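Student: Could you take me through one metal site in this model, slowly and in plain words?

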2 protein chains.
Amino acid sequence: MTNPCIICVAITGSVPTKANNPAVPITVTEQIESTHEAFEAGAAIAHCHVRNDDQTPTSDPEKFARLVEGLKKHCPGMIIQLSTGGRSGAGKERGGMLPLRPDMASLSVGSNNFPTRVYENPPDLVDWLAAEMRTHEVTPEIEAFDLSHILQAIRLHEQGVLYGKLYVQFVMGVKNAMPADREVFDFYVRIMQTRAPQAGWCAAGIGPNQIAVNEWAIAAGGHTRT
Amino acid sequence: MTNPCIICVAITGSVPTKANNPAVPITVTEQIESTHEAFEAGAAIAHCHVRNDDQTPTSDPEKFARLVEGLKKHCPGMIIQLSTGGRSGAGKERGGMLPLRPDMASLSVGSNNFPTRVYENPPDLVDWLAAEMRTHEVTPEIEAFDLSHILQAIRLHEQGVLYGKLYVQFVMGVKNAMPADREVFDFYVRIMQTRAPQAGWCAAGIGPNQIAVNEWAIAAGGHTRT
Ligand SMILES: [Zn+2]
Ligand SMILES: [Zn+2]
Ligand SMILES: [Zn+2]
Ligand SMILES: [Zn+2]
């Protein structure tokens, strides 16, 4: 394969705080410098969440705007991907930063359980987020927490609902959602290769599964996420 | 295979009304007679929902009690399975009929999208329903709307959370959840055969997919649901 592997760096996420790891960048200034280091080390996509001063997650478009401005300055050419994930806001708040026209934004197309609650992505919100991304020419990265999410992403892309090239991320190892399972991973890859051969895909393992899933993805010719 | 195929009849469901099909049994009396006919025709399990007088779904334990009493009289030996599905009630209401000690009850162990909303089965409710079933010695039928639900069912059964023998139903063809997909069906069967060889499994196709999925299940040595 001469297809280069794209490394996406998730610098902050929505959950960990400095109590978990002092290296987690929380302020916009910390986030810009952390991304800059990853960019110098070879990361091509920055997957971004923003935080309040008390480290809790937010979807505040003004904070995202300052982050995007700094990333464009410090990391010229890096692909900027903003999270529309449900831990950082509710309903349409989750897409309030899309008018910033980032290169990419994450998009969940189905619902599933998380460790202690339901990760809710109701069909009408999915449709609205996808339409907003189309309006602002933002390419979604589909966060697939289960097999049906991959099939739904392929269907939505075929229907023209999703802007740009289809790009799917397999998320594995979240408690009560899909575990980091090698046989399932291989099936996911087969589905992508046979049903959406033009699409890109990457994989992320949560917590202790990170390195294993990164290795599976790179060996199988996919892309990867820290 | 000398393993007989078990046919489960879903006489009423939670959605269709007499406007959709005049044959849908709504009153308890209609339900008992409809089940009796299916029992005579060879059905071994009755999957039961109950309805209010206006045909809307309910989880009313008193109504379930009258249905169970009638089924025991008219269909001696038939396995009675009561629905704890989320269309008929919210939260713990969904398990209010478990003290009736039916042979089986349906149990969802994950969340997913339905045509217009999220089908919410939060982890604490799943744990509570499973514990109630264990207390009242009710064998769950796991309603698997996605692949991770099957893996979760196998895990919960290994952990002793689920009462009785593991029995999984693959539900296919609900809009925004898992479609009726032959390759996915075959993968589901392989997962069950290799990871839970002692378990039983069946499959249901929703609406126009019903007959196709029934045929796949029977041909693959599984059980089936109308
Ligand atoms: Zn994220
Ligand atoms: Zn810098
Ligand atoms: Zn049902
Ligand atoms: Zn009768």
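Tutor: Here is a walk around the zinc ion (ligand 4) and its donors. This is a predicted model, where local features need pLDDT of at least 70 and side-chain atom pairs count only at pLDDT 80 or more, while totals for chains, interfaces and linings use all residues. Residues are numbered from 1 along each chain as its sequence is written, chains are lettered from A and ligands numbered from 1 in the order in which they are written, and side-chain values use heavy atoms, with hydrogens and water left out.

So, who holds the metal? Glu33(B) is listed twice, each time through OE, and His36(B) and His74(B) each bring ND1, at 2.0 to 2.8 Å from the zinc ion. Donors here are N, O and S atoms within 2.8 Å of the metal (3.2 Å for Na, K and Ca), and because water is not among the atoms, sites may look incomplete. Along the chain, the donors follow the spacing E-x2-H-x37-H. Glu33(B) sits in helix H1 (residues 28-40) of chain B and His74(B) in helix H2 (residues 61-74) of chain B, so this pair ties together parts 41 residues apart in sequence. Helices are DSSP runs (H or I, at least four residues), numbered from the N terminus.

The geometry is irregular because the four donor atoms subtend angles of 48 to 148 degrees at the zinc ion; four donors count as tetrahedral only if all angles lie between 85 and 135 degrees, and as square planar if opposite donors are over 155 degrees apart and all others between 65 and 115.

As for accessibility, Glu33(B) is partly exposed at 35% relative accessible area, and His74(B) is also partly exposed, at 32%. That term sits between buried (under 20%) and exposed (over 50%), using a 1.4 Å probe and protein chains only.

Methods:
Four donors count as tetrahedral if all angles lie between 85 and 135 degrees; four count as square planar and six as octahedral if opposite donors are over 155 degrees apart and all others between 65 and 115; anything else is irregular. Helices (H or I, at least four residues) and strands (E, at least two) are DSSP runs, numbered from the N terminus.
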